[in-house]
Amino acid sequence: MATILDGKKISQEIKRVLADEVRLLKEDNIVPGLAVVLVGENPASRVYVRNKRKSCAEVGIRGFDHNLSEATPQNELEALIDKLNGDANVHGILVQLPLPSHIDEASILLRIDPAKDVDGFHPVNMGLLVSGLPGFRPCTPSGIMTMLDSIGYNLSGKHAVVVGRSKIVGKPAALMLLERHATVTICHSRTEDLPGIVRSADVVVAAVGRPQFIKGDWIKPGAVVIDVGINRTGDGQLVGDVDFEGAVKNAYAITPVPGGVGPMTIAMLLKNTVDAAKKHRSAGT
Ligand code: NDP
């Protein structure tokens, strides 16, 4: 019987620890602050932002909400980022992606002060990850690593297969698995014989964005399956990138969707924000 990696439960425990840390920071008159910038009306983004704001409140992080209209010009968004970079009450800045198509996303991400880049998408933080140096790690891959740690999984020498090579999930997840001495294969839309490669995996990370794309019989008996995907089916159901019912029969451990990687991503965002506030305190003393 596979272990279900309960992201909801693990994230609750992380939030409990963070709430204690926030209490201690407040004793030093530091209230961790996260600015959440949402541009436009994308319904999925609105849900994500709402959940992030709610979670901030749960642990005592002060949220600074910036809801901008879809038509916001590039220079206005840049001016807001500059203002937040200079605001001592804001320790973390999150710009919800995707941005409307008239906005140059890369230049907006580049404008965020790397010391406040709690999403970990700034090239400086990406470079620190590649170099194996401390910096903000992207939240979803950090959540994946924390879930693997929750079952004491030793990645050393194991074959980890990451399906997806996005900047926010696949690539950083592969680097973080490599950092822990896994042998890593990154797959994408041009990969040949994907089922064959997945069948050789001790750990599968699915970040494809296609409902139930990874079939149950691709999973090697005893493998750990991390399903990052969040897909809404025609009947409104949320499903992952893995055929859970099939995969759970072979897996040693598997994440559900919903309630797996999703809540972990938010918990890691909160953790990065609290860490940013702690660094601010160290810098001030
Ligand atoms: P992207 O669309 O940016 O990347 C998808 C990746 O999948 C690409 O690298 C693409 O390859 C690859 N891919 C697409 N089709 C195939 C195929 N047929 N065979 C093999 N690889 C394929 O998605 P994200 O990484 O941003 O997100 C992935 C999923 O995770 C989505 O469902 C998203 O909603 C979810 N997500 C969940 C989060 C959470 O907190 N749980 C956080 C972030 C994302 P190529 O590069 O060649 O195009």
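Strands β8 (residues 224-227) and β11 (residues 253-254) pair in the parallel sense, over 2 bridges. The model is predicted. This briefing covers the sheet around that pair, a buried strand, the domains and the ligand site.

**Open sheet**
- In the β8-β11 pair, Val-224 stands opposite Ala-253 of β11.
- Both strands belong to an open sheet of 6 strands.
- The strand order is β1-β11-β8-β7-β5-β6, and the pairing is parallel.
- Strand β1 (3-4) is an edge strand, and so is β6 (183-187).
- Each of these edge strands pairs on one side only.
- Strands of a sheet pair through backbone hydrogen bonds, in either a parallel or an antiparallel sense.

**Buried strand β2**
- Strand β2 spans residues 33-39, and 7 of its 7 residues are buried, so it is largely enclosed by the rest of the structure.
- Buried here means under 20% relative accessible area.
- Both faces of β2 are covered.
- One side carries Gly-33, Ala-35, Val-37 and Val-39, all buried.
- The other side carries Leu-34, Val-36 and Leu-38, also all buried.
- β2 pairs with strand β3 (residues 62-68) in the parallel sense, over 7 bridges.
- Within that pair, Leu-38 stands opposite Asn-67 of β3.

**Domains**
- The domain assignment gives two entries: domain 1 (29-114) and domain 2 (139-262).
- The C-alpha centres of domain 1 and domain 2 lie 29 Å apart.

**Ligand shell**
- There are 20 residues around the ligand.
- Arg-165, Ser-166, His-188, Ser-189 and Thr-265 come nearest.
- The shell residues divide into 8 nonpolar, 10 polar and 2 charged.
- Helix α10 (residues 261-284) supplies the largest share of the shell, 3 residues.

**Polar contacts and cover of the ligand**
- Arg-165 has a side-chain N or O atom 2.7 Å from an oxygen atom of the ligand.
- Arg-210 places a polar side-chain atom 3.3 Å from a nitrogen atom of the ligand.
- Ile-230 makes its approach through the backbone: a polar backbone atom there is 3.1 Å from a ligand oxygen atom.
- On its own, the ligand has 930 Å² of accessible area, and the protein covers 72% of that area.

Definitions and conventions: Residues numbered from 1 in each chain as written. Predicted model: local features only at pLDDT ≥ 70, side-chain atom pairs only at ≥ 80, totals over all residues. Heavy atoms only, no water. Near = heavy atom within 4 Å. Polar contact = N/O pair within 3.5 Å; in protein donor to acceptor, adjacent residues only side chain to side chain. Areas by Shrake-Rupley, 256 points an atom, 1.4 Å probe, with all protein chains shown as cover. Helix = DSSP H or I, 4+ residues; strand = E, 2+ residues; numbered from the N terminus. Nonpolar A, V, L, I, M, F, W, Y, C, P; charged D, E, K, R; others polar. Pairing = 2+ DSSP bridges. Domains from an automatic or database assignment. Buried < 20%, exposed > 50% of the residue type's maximum accessible area, 1.4 Å probe, protein only.
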